[in-house]
Structures are given as structure tokens and as C-alpha cells.
Amino acid sequence: MSENNPSYTASATTVGGRNGHIKTSDGIIDVESRLPKELGGPGGDYTNPEMLFAAGYSSCYGSAVKLVAEKMNAGAKPEDISVTADVTLMKDPEDGGFKLAVKISLSIKGLDEDKVKDIAEKAHQVCPYSKATRGNIEVEVTTK
């Protein structure tokens with residue numbers, strides 16, 4: 001891992017994999033994880049890696065949108081920015097395992113569609129999650 005002036009490191013430990021327990025080093029996240037019913041799991045009030053990835057990506061991308069909108073003087077307030085990340089786990093025909101795909105939907109109240117699309121594309125270039133996934137998984141960015 002590059003030590004290019006790191007600003008923050010998050011740490012989480014999982015015991016038991018998808019049907020296990022996840023806890024962050026600071027204890028803020030301390031949850032049970034289970035396979036969703038759709039994948040043969042028990043269902044119920046449990047999280048899973050896809051939920052956590054969707055939460056992280058939507059939050060990070062939302063911050064990138066805010067940054068880009070501010071630089072463009074677009075007049076978007078943080079409470080007007082809404083990002084939904086849908087993370088899909090699917091079979092990978094190449095190796096018989098699984099792979100991820102993400103669909104990000106951006107809405108910014110009070111801005112016209114062309115401006116929102118411009119912000120969406122620029123945010124996708126600067127978001128750390130977008131940078132990390134670029135070329136690795138399919139990520140589709142849409143506006144609503």
C-alpha cells in the first residue's frame with residue numbers, strides 16, 4: 001500500500017465471512033452479516049457486504065458531487081443532493097464465481113438536467129470509490 005500522505009485509515013474485522021460478525025476498530029459498526037434470502041441465506045435484519053459497499057459508495061460519491069458543485073458554483077445545497085447506489089452481486093461466467101456491478105443515481109433539487117449530468121460525470125472522475133472501481137467493475141451513473 002502506498003504511503004502517499006494518508007489522511008485516514010478505517011479498519012474493520014469480520015469473523016465468519018458473509019455469515020459472520022463485522023466490527024470496526026472504533027466499535028461504531030458492530031453487526032451480524034448473513035447471506036440474503038435471494039442467495040439462499042436466512043434473510044432477516046442482517047447486513048451484507050453489498051449493503052455496506054452501497055452505503056459507502058453513495059456517501060463518498062455524494063461528497064464528490066458536493067465538491068464538484070461547489071467548484072462549479074452550481075448553487076446546490078448539500079441537503080438537495082441525493083445519491084442512491086445499487087450494488088448487484090451476480091454470477092461471473094468467466095470464472096464461475098461472482099462479480100459486482102453498481103448503478104449510481106444522482107438527483108440535485110433545483111438544478112436543470114444538463115447541469116446535473118455534468119456534475120455527475122465530473123464527480124465520477126474524482127470520487128475515490130469511482131477511482132477504485134474504474135476498469136474493475138461495471139459502474140453506471142444516471143441522473144434523475
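Which residues does S105 touch, not counting residues up to four places away in sequence? Hold on to that one, everyone, and let me set the scene before we answer it.

What you see above is a predicted model. The protein has 144 residues, and buried residues make up 33% of them. Its secondary structure comes to 3 helices and 6 strands. If you read along the sequence, the order goes β-β-β-α-β-β-α-α-β. As for overall dimensions, the C-alpha trace spans about 45 × 35 × 30 Å along its principal axes. And here is a number about how the chain folds back on itself: among contacts between residues at least 6 apart in sequence, 48% join residues at least 24 apart.

Now, back to S105. You will find S105 in strand β5, which covers residues 98-108. Leaving out residues up to four places away in sequence, S105 touches S82, V83, T84, T142 and K144. One of those neighbours deserves a second look: the side chains of S105 and T142 are joined by a polar contact of 3.3 Å. Is S105 buried or exposed? S105 has a relative accessible area of 10%, so it counts as buried.

Let's move to the helices. Helix α1 runs over residues 49-71 and helix α2 over residues 113-126, and their axes come within 8 Å, crossing at roughly 115°. That crossing is right-handed. Which residues meet there? From α1 we have Y57, Y61, A64, V65, V68 and A69, and from α2 we have I119, A120, E121, K122, A123, H124 and V126. Sorted by character, the residues of this contact divide into 10 nonpolar, 1 polar and 2 charged. If you are following along on the screen, try finding Y57 on the α1 side and H124 on the α2 side.

Next, the cysteines. How many disulfides does a search of the whole structure find? The count is 0. Take C60, which is in no disulfide: the nearest cysteine sulfur belongs to C127 and is 3.6 Å away. C127 is in no disulfide either, with the sulfur of C60 as its nearest cysteine sulfur, at 3.6 Å. Why is that not a disulfide? The pair would need sulfur atoms within 2.5 Å, and therefore a distance of 3.6 Å does not qualify. As for their surroundings, C60 has 17% relative accessibility, so it counts as buried. C127 is at 0%, so it counts as buried as well.

Two loop residues to finish. The first is T47, in the loop between β3, residues 30-32, and α1. T47 counts as buried because its relative accessibility is 13%. What does T47 touch, once residues up to four places away in sequence are left out? The list is I22, V31, E32, S33, R34 and L52.

The other one is N73, in the loop between α1 and β4, where β4 is residues 81-91. N73 has a positive phi of about 50°, although it is not a glycine. Is N73 buried or exposed? With a relative accessibility of 69%, it counts as exposed.

So, to recap with our opening residue: S105 sits in β5, is buried, and has a polar contact with T142 through their side chains. Thanks for listening, and do have a look at the model yourselves!

Definitions and conventions
Residues numbered from 1 in each chain as written. Predicted model: local features only at pLDDT ≥ 70, side-chain atom pairs only at ≥ 80, totals over all residues. Heavy atoms only, no water. Axes fitted to C-alpha atoms, helices over the stretch in contact; angles between N-to-C directions. Helix = DSSP H or I, 4+ residues; strand = E, 2+ residues; numbered from the N terminus. Left-handed = near helix turned anticlockwise from the far one by under 90°. Contact = heavy atoms within 4.5 Å. Nonpolar A, V, L, I, M, F, W, Y, C, P; charged D, E, K, R; others polar. Buried < 20%, exposed > 50% of the residue type's maximum accessible area, 1.4 Å probe, protein only. Polar contact = N/O pair within 3.5 Å; in protein donor to acceptor, adjacent residues only side chain to side chain.
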